[in-house]
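Colleague: Please take me closely through one part of this model, the empty space left among its atoms, and tell me what surrounds that space.

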Amino acid sequence: MALLDILNRIFAKETVNSKDVAKERLRLVLVHDRASVSSDFINALKEDLIKVIREYLEIDEEQLSVNLENEDNSVALIANIPVRGFKKVVNE
Amino acid sequence: MESKVIVITSGKGGVGKTTTTANIGTALAMMGKKVVLLDTDIGLRNLDVVMGLENRIVFDIVDVVNNNCKLQQALTKDKRYEGLYLLPAAQTKEKTAVSPHQMKNLINELKKEFEFILVDCPAGIEQGFRNAIAGADEAVVVATPEISSVRDADRIIGLLEASGFREPKLIINRLRSKMAKRGDMMDIDDILDILSIELLGVVPEDEYIVVSTNRGEPAVTDTVSKAGAAYRRVARRITGQDVEIYTGEETSSLVNRFMKMVKLAR
């Protein structure tokens, strides 16, 4: 260990507790683990999304993609849904 | 007789499943219960050495399933406690030597004789795991306060729930309360926060576990081992007694310091 490292360890005041780092990393990795416990999960979500969106838009169901992705410090649901046209929604 | 069949599992290897099985089983037998320990880690059996019974084994679980011997012949009697038996795993076979269906039948046979059937599950989520949970009614998940262990525990809990186990319970093993206190190890609450399941017990890190394994004498038989005391509490909770969970706090430091001075405590 370099001298600087040792000094940093002795004088470091506001370093984050390593257990908090562990907890945060776990939380993120588990979002993904839990979602991918079954590939059925994404498919079920996909089908339900299509059902709802179809009420409002004409979409290309073949090209539609839904995925959970890790981004920096969070997990995001990324959906790419090509729209072919709008449905005539009745104005109330 | 109502029997309880409990599988002890973890996903990750090396977190203390076998040690936990041996200690809870021995503690239950110390309370006068009739107990059988079932080692399902075929090919990598170890419960026999942890229990110190390796020289007494003649037949194993695969022999029973294949009708090479009677169930009674494969039940190895413990050398310390009346009513405590081990059904060892086979060492030279593979996990596929037993099917979940055969395991279920075997456990139904054991239920006729024993109050507690503890199933020591192998690491992993493949057939060994499927076998181990096949005949169990309850599941205990062992995890250490490490990121990899907690992650695997989460996965196992998911699989257990998908297999119909309603409330798997958690044992946190090898907790170092000093490290947890200074924020360098996840604490009980951190782990419960993430796994959100019921806590069955907390076992502190204890060097004596190594000694007890060396000797083949489960730590619960030692009167001063901290881990042994924690396992005895777990056993009492399993029998339905209302026992407080060990939280890592020293009960009375003054008495403890004195005990240490006179070499009564570790």
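Modeller: What follows begins with how the model should be read, goes on to the empty space, and ends with chain A.

This is a predicted model, in which local features need pLDDT of at least 70 and side-chain atom pairs count only at pLDDT 80 or more, whereas totals for chains, interfaces and linings use all residues; side-chain values use heavy atoms, with hydrogens and water left out. Residues are numbered from 1 along each chain as its sequence is written, and chains are lettered from A and ligands numbered from 1 in the order in which they are written.

Rolling a probe the size of a water molecule over the atoms shows where empty space is left. On a 1 Å grid over the protein atoms alone, a cavity is a set of points where a 1.4 Å probe fits but cannot get out, while a pocket is an open set with protein on both sides within 12 Å along at least five of seven lines, and lining residues have an atom within 4 Å of a point. Points are joined across faces, edges and corners, and a volume is the space filled by probe spheres set on them.

The second largest pocket holds about 440 Å³ of space. It is lined by 26 residues, and those closest to its centre are G14(B), V15(B), G16(B), K17(B) and T19(B). Two or more residues of this lining come from each of α1 (17-30), α2 (47-51), β7 (169-175), β8 (198-204), α10 (208-215) and α11 (226-238) of chain B, helices (H or I, at least four residues) and strands (E, at least two) being DSSP runs numbered from the N terminus. Helix α1(B) gives the largest share, 3 residues. By class, 13 lining residues are nonpolar, 7 polar and 6 charged, where Ala, Val, Leu, Ile, Met, Phe, Trp, Tyr, Cys and Pro count as nonpolar, Asp, Glu, Lys and Arg as charged, and the others, Gly among them, as polar.

By the same kind of rule, there is 1 cavity of 30 Å³ or more, and the largest cavity holds about 40 Å³. Its lining consists of T19(B), N23(B), V50(B), I209(B), S212(B), T213(B), E217(B), P218(B) and A219(B); α1 and α10 of chain B are the elements that give two or more residues to it, and α10(B) has the largest share, with 3. This lining has 4 nonpolar, 4 polar and 1 charged residues.

T19(B) is named both among the residues closest to the centre of the pocket and in the lining of the cavity. It is found in helix α1 of chain B and counts as buried because its relative accessible area is 17% (buried means under 20%, exposed over 50%, partly exposed in between, with a 1.4 Å probe and protein chains only). Apart from neighbours within four places in sequence, T19(B) is in contact with V50(B), I209(B) and Y231(B), contact meaning heavy atoms within 4.5 Å.

As for chain A, its mean pLDDT, the predictor's confidence in each residue from 0 to 100, is 79, and 74% of its residues reach 70 or more. Among its elements, helix α1 (residues 3-11) of chain A has the lowest mean pLDDT, 70, and strand β1 (residues 57-59) of chain A the highest, 90. Where pLDDT is low, the predicted coordinates should not be read in detail. Chain A has 3 helices and 4 strands, and 18% of its 92 residues are buried.
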